[in-house]
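Notebook open, structure loaded. I want to jot down what I look up as I go, starting from one residue and working outwards.

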Amino acid sequence: MGISSHQLQKEFPEFHDRIEALKASDPRFKERLARYSELDQEIEGLERRGAPIGDDKMHRLKAWRAQLKDELGPNFAADANDHLHTALQQVERNATQPNL
């Protein structure tokens with residue numbers, strides 16, 4: 001298995017601006033994102049160094065990282081879904097209006 005970074009901004013580039021806005025405006029999001037980033041760097045460092053760590057511990061670290069990602073994701077994805085929903089409603093309204 002390859003070693004890769006799981007930074008949210010790299011995994012979800014389409015939400016980069018929203019993630020940055022949440023970091024600036026939501027202290028809880030910022031705290032969780034910082035913990036997620038620290039954990040991601042720790043895992044990546046352990047993998048790169050081939051550090052002597054048990055599979056169980058590595059699995060727990062990765063599970064924790066996934067849990068944090070699941071907690072963070074709805075914060076920025078929900079906003080994007082709201083925008084998409086609004087845009088789709090506008091398209092539907094435009095499609096049903098008669099051309100003048």
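**Entry 1: Asp-40 and its surroundings**

I started with Asp-40, which is buried at a relative accessible area of 1%. For the record, buried means under 20% relative accessible area, exposed means over 50%, and partly exposed is in between, with a 1.4 Å probe and protein chains only. Note to self: this is a predicted model, so local features need pLDDT of at least 70, side-chain atom pairs count only at pLDDT 80 or more, and totals for chains, interfaces and linings use all residues. Residues are numbered from 1 along each chain as its sequence is written, and side-chain values use heavy atoms, with hydrogens and water left out.

Asp-40 sits in helix 3. Helices here are DSSP runs of H or I with at least four residues, strands are runs of E with at least two, and both are numbered from the N terminus. Which residues does Asp-40 touch, leaving out those up to four places away in sequence? I found Ser-5, His-6, Gln-7 and Arg-65. A contact means heavy atoms within 4.5 Å.

I followed the contact to Arg-65, which is in helix 4 (residues 55–96). Is Arg-65 buried or exposed? Arg-65 counts as buried because its relative accessible area is 9%. Beyond four places in sequence, I see Arg-65 touching His-6, Tyr-36, Leu-39, Asp-40 and Ile-43. So His-6 turns up in the contacts of both Asp-40 and Arg-65.

I also checked Lys-62, another helix 4 residue. Lys-62 is partly exposed, since its relative accessibility is 24%. From Lys-62 to Asp-40 I read 8.2 Å between C-alpha atoms, with their positions 22 residues apart along the chain.

Next I looked at Glu-44, which is in helix 3. Glu-44 is buried, with 16% relative accessible area. The C-alpha atoms of Glu-44 and Ser-5 are 6.5 Å apart, although the two residues are 39 apart in sequence.

**Entry 2: the Phe residues**

I moved to Phe-29, in helix 3 (residues 27–49). Phe-29 is buried because its relative accessibility is 2%. What does Phe-29 touch, residues up to four places away not counted? The list I got is Ile-19, Leu-22, Lys-23, Leu-72, Asn-75 and Phe-76. I took the C-alpha distance from Phe-29 to Phe-76 as well: 9.8 Å in space, for 47 residues in sequence.

How many aromatic pairs does the structure hold? I got one. The rings of Phe-12 and Phe-15 have centres 6.3 Å apart and planes at 45 degrees, so I logged the pair as tilted. The cut-offs: rings of Phe, Tyr and Trp (its six-membered ring) pair if their centres lie within 6.5 Å, and planes under 30 degrees apart count as stacked, over 60 as edge-to-face and the rest as tilted.

Phe-12 is partly exposed at 23% relative accessibility, whereas Phe-15 is buried at 15%. Phe-15 is in the loop between helix 1 (8–11) and helix 2. I also have Phe-15 and Gly-73 at 9.8 Å, C-alpha to C-alpha, with their positions 58 residues apart in sequence.

**Entry 3: helix 2 against helix 3**

A packed helix pair is described by the angle between the axes and the distance between them. For helix 2 (residues 16–25) and helix 3, I read an angle of about 115 degrees and axes 6 Å apart. The axes are lines fitted to C-alpha atoms, over the stretch in contact for helices, and angles run from 0 to 180 degrees between N-to-C directions. The two helices are therefore roughly perpendicular. In this scheme 65 to 115 degrees is roughly perpendicular, under 35 roughly parallel, over 145 roughly antiparallel and the rest oblique.

Which residues meet there? From helix 2 I listed Ile-19, Leu-22, Lys-23 and Ser-25, and from helix 3 Pro-27, Phe-29, Lys-30 and Leu-33.

**Entry 4: whole chain**

I finished with the totals. The chain has four helices and zero strands, running α-α-α-α from the N terminus. Buried residues are 22% of the 100 residues. Of the contacts with a separation of 6 or more, 65% join residues 24 or more positions apart. The accessible surface is about 7,200 Å², and carbon and sulfur atoms own 52% of it. That area comes from the Shrake-Rupley method with a 1.4 Å probe.
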